[in-house]
Amino acid sequence: MGFNQPKLDTSPPVSEEVRQTTCYMCACRCGINVHMKTGSDGKKQVAYIEGNRDHPVNKGVLCAKGSAGIMQHNAPSRLRAPLRRVGPRGSGEFEEITWDEALDMAASWLEPLRKSAPEKLAFFTGRDQSQSFTSFWAQNFGTPNYAAHGGFCSVNMATAGIYTMGGAFWEFGQPDWDHTKLFMLFGVAEDHDSNPIKMGIGRIKARGARVIGVNPIRTGYNAVADDWVGITPGTDGLFILSLVHVLLKAGKIDLDYLSRFTNAPVLVNASEGPEQGLLMRDEAGKELVIDRITGKLAPFDQPGVRPDLHATYRHAGVTHRPVFHLMAERYLSNDYAPENVADQCGISAARIRAIAAEIARVAFDEAFELDQEWTDFRGETHKTMVGRPVSFHSMRGVSAHANGFQTCRALHVLQILLGTVEVPGGFRFKPPYPKPATAHPKPHCGVKPDCALDGPHLGFVHGPDDLALKDDGSPARIDKAFTWENPMSAHGLMHMVISNAHAGDPYKIDTLFMYMANMSWNSSMNTRGVIEMLTDTDEAGEYVIPRIIYSDAYSSEMVAYADLILPDTTYLERHDCISLLDRPICEADAAADAIRWPVVEPDRDVRGFQTALVQLANRLKLPGFTTEDGSAKYQDYADYIVNHERKPGIGPLSGWRGDGSQSGRGAVNPEQLDRYIENGGFHVSHIPDAALYYKPWNTAYQDWAVGMGLYDKPEPYLFQLYVEPMRKFQLAAEGYGERQPPEHLRERLKATMDPLPIWYETDQQGNEGFTVNALTQRPMAMYHSWGSQNAWLRQLHGRNPLYVPTKLMRQNGLQDGDWARVSSPHGEITVPVMEMAALNENTVWTWNAIGKRKGAWALDENAPEATKGFLLNHLIHELLPPKGDGLRWANSDPITGQAAWFDLKVKIEKAAPPDDIAECLPAFEPITSPVGKGVNALQWKVGK
Amino acid sequence: MTTLTKQTDRKMGLVIDLDTCVGCHACVISCKGWNTENYGAPLSDQDPYGADPAGTFLNRVHSYEVTPNEGHAQLVHFPKSCLHCEDAPCVTVCPTGASYKRVEDGIVLVNESDCIGCGLCAWSCPYGARELDLAEGVMKKCTLCVDRIYNENLPEEDRVPACVRTCPAGARHFGDLGDPDSAVSQLVAERGGMDLMPEMGTKPVNKYLPPRPKDRIEDQIDILAPLLAPVAEEPAGFLGWLDKALDKLPGGNS
């Protein structure tokens, strides 16, 4: 054939309209442009999704999940109408009912509980992005039993950060990508702040900055890191404290920063008795330091005071020393010398020293100043802002261990010793953070029939008096949050709700109400056990957990285990607010919030869950949702978003308040949602230049934050290297105070509630013979269980081998494609294996939540997710193996109750030849799908 | 057989940074979305919810482990799509003239109305960069988003391939590799950009930037060691150092 170049139209119309909203393909909350075209039915349909260039989170980029949103929106697994269970629980047999029937049924179950015993409702939400609303609903219902999924996600990270420095990673803060020269990641879960971290890594690598990845597995961000530290799981805290040891010994710490902005110079009471180890305070309650200028005691915030890190205070025969002395004493100990931790961490001493030296070099030799004057809370004006360009990030990898809280604390202490928090080049908070633990609510559990709860459920305890205990000392909450077993469980313990409810411990409940939480599958430890608990009956043949209401947009594994299903919309069909009252989308330079709005109307009889909750509240006439004349305050969630005021002038959205010109504070503006839509679905309020760094101590920031309604008054505070509330729990364990722990917990409280970071090996009793660490990671292209219903994403990750390091492959005679039996003290699975060399030599891992139950998600029963995909969850129990002491100890962090998923230890052996094995074990019976199965072929094109 | 244009005015193509690609598949799905809705037939999926889902993709990411003789194994993420070769065997092998290389920019395209789905081009491509769409029976391949890069209905900054616009890590770059002064050519020069399988003689336009050397931090320890010299040998000495160091701070006693 000759050369034949056809004429092409290179400027075809792209779409008829672009509607801008917020992604919900993971928790990252990027801005998206949804391109609309008229479909064959004459209605506008979703044709293409791309990132919104103006959006503060993603600035135009979008990950695989985000671009695949169109396949989530059209997924065959979408629920179509409210469902009432007609077969036994777990059968998946339902009948469709109307919304009036569904809401009447729910109200008829809940009304009597509210009138008699509101705690008999347990309301827990999973991957919920509306927690300020769902908690408001639960508070007005009056039950103490509310939390979201943080307890099995990253509560250690969030809580350790807030107690230590008034914020943590991800939503709380971010590296200063513009200036950082050394970025160190610990155990990052790849979906947490996914696009911003990818963008940041790309940017800093482009300018030659160094990235160090600390993770047993070298994938994703760790694959592009300049240096990979394949650490032994669970030893991050020891490694970090060894870095602290080396840096402290070399004097590579920021003494000026420590003396001005932290409690390092605060004196610790050394007198024996009920105040030993507490911080010394003046009569006004202000922490006391020695002023280096006068040599006298002074409150830390007195104008002109120079807190002394060195001086001690002698009084009545007792020498009281500053926190910094205690730190030097502890961390200069040779216990933390690199040579003494190398074997345990799986990192050579030379490498630990090299990393410490590189941190020191960048923090101090590459320090710089921004020409920006600012004034601190003592009234002192600084001509410049000093930058230390070392930054850190971490998420679930270090968090989901039973030593995770102290490990997260250790990481923050390292950051603070270097003076890299809230300085140029370091780690920066995002509004509404910084916000110290003392500015958060305390937990509330005051229940009265027919009344709202006495305050917010979740919060921060500052001592034993704040625990959620009944008068008899028993737990007030079904999940036993804020008890001696896990005093600082700031996010609750969702992973304990079903087992506690089933056991009637601490009490029985009537109705379990859950949202977006796949508890009968990948969101529970001990999956089979949870299924049994959900279906178990008592002697009278009644279900042990009498009623279960569940809301989900999709036919997940959990649907079959509910009695009543409230079908949610997809994320393109709903209103939402990503609120400053909750988990906003702020940047370090700006406060920002966002909305979702129905860019398409649902074509099914479904309602946004939050709207269903408003309508249920109206049927129950909950206070907070009802005016004085008894009428409903809100018709639906959009109405609530615009018209609700948490405090006068402060509502869920901060933008375009009042007459449309006010940000942060201002009267209700009925046109607020229209303004958001016109602006691309989000609102940004920039922080003034003089307020951009040193936020916890910077008067310009504090004043700006008050104006925005983030604080009611300026609240400068010191970073808490020494967390005094932890010492209060130790004192109780030592016998001081009215509220005393049970005997069996005294020693553990003394050991673990150390006010300075420690590292301890997690409980290995019962693990004899199980020596291999087993982990999961989430692929960047999938989020929890949602990906499997997505026709495009499931072609990327449709099955999940167990990745096994070379050494263990050889030891066990395994080859790619073989099957292995993997067992833990709790259970056994049989799964396909694949060799991976870039992996800690004693760690196996797999992708999270790929494995599916047959019949779920509108997939064929032979879908690879159901035959070659598997969960590690079957190997993990919510309790530790019995120790023979008659007690069962939770598989959780003893401080926060965080589920210790990553403490799992297994053994691995070759199973039968591949030809003899058809699918992964354990195999579960298929569940009946309430939505049928998806189509056999897709040619998705909206426009013609 | 089809005649290949001897020379093109420009050589538009991609430069892909293997040092930065985190293997997230954003480019894969963005490509799938744009090209399902735009140029030619939609990219279909067979058995999308079944036992063996298989669809048409114009861009896929592969991951390879590299184990050096010394040091830790590494993982390299490797996105791959049509490389818009100067000597494109997929064009010359086409029996109908459906495959062609554009004179103005060097983009290799398939004119779907002339494509008979014989698959010869896919067989001849050493990179495996073409995929036959099973629903439509035509050959699909990367168009370099020819319907975006000149599209006057898009804002100017968006006139880049969908994969480039979406890449979160900024690992994908687009431009004229025939112009030595273009940003992409300079990037290739600076970073030692490479052809994929040059021995095949296809002269690919797309270039790959190799990963930088890794795991070198211990090599620097001789330079770094002085930074870690202890301020005192004994813990008691540390407090003495502290006292003196505090005096040296701004506003201190010396």
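## A walk from the chain A–chain B strand pair to a helix pair

Start by selecting residues 937–938 of chain A and residues 45–46 of chain B: these are strands β35 and β2, which run antiparallel and are joined by two bridges. Keep in mind that you're looking at a predicted model. Which residue of β2(B) does A:Leu938 stand opposite? Label B:Asp45 and you have the partner.

Now widen the view to everything the two chains share. Select the contacts and you'll pick up 97 residues on chain A and 81 on chain B. Within the chain A side, color helix α12, residues 349–365, since that helix gives the most to the side touching chain B, with 10 residues. Then color this side of chain A by class: you should get 53 nonpolar residues, along with 22 polar and 22 charged.

Next stop, inside chain A. Select residues 155–165 for helix α5 and residues 404–417 for helix α14; their axes are 8 Å apart and the helices pack at an angle of about 45 degrees. Angles from 35 up to 65 degrees fall in the oblique range, so α5(A) and α14(A) are oblique to each other. Which hand does their crossing have? The crossing of α5(A) and α14(A) is right-handed.

Show side chains to see who meets whom. From α5(A), bring up A:Asn156, A:Met157, A:Thr159, A:Ala160, A:Gly161, A:Thr164 and A:Met165. Facing them from α14(A) are A:Gly404, A:Phe405, A:Cys408, A:Arg409, A:His412, A:Val413 and A:Ile416. Color that set by class too: seven are nonpolar, six polar and one charged.

Conventions:
Residues numbered from 1 in each chain as written. Chains lettered and ligands numbered in written order. Predicted model: local features only at pLDDT ≥ 70, side-chain atom pairs only at ≥ 80, totals over all residues. Axes fitted to C-alpha atoms, helices over the stretch in contact; angles between N-to-C directions. Helix = DSSP H or I, 4+ residues; strand = E, 2+ residues; numbered from the N terminus. Parallel < 35°, antiparallel > 145°, perpendicular 65-115°, else oblique. Left-handed = near helix turned anticlockwise from the far one by under 90°. Contact = placed C-beta atoms within 7 Å. Nonpolar A, V, L, I, M, F, W, Y, C, P; charged D, E, K, R; others polar. Pairing = 2+ DSSP bridges.
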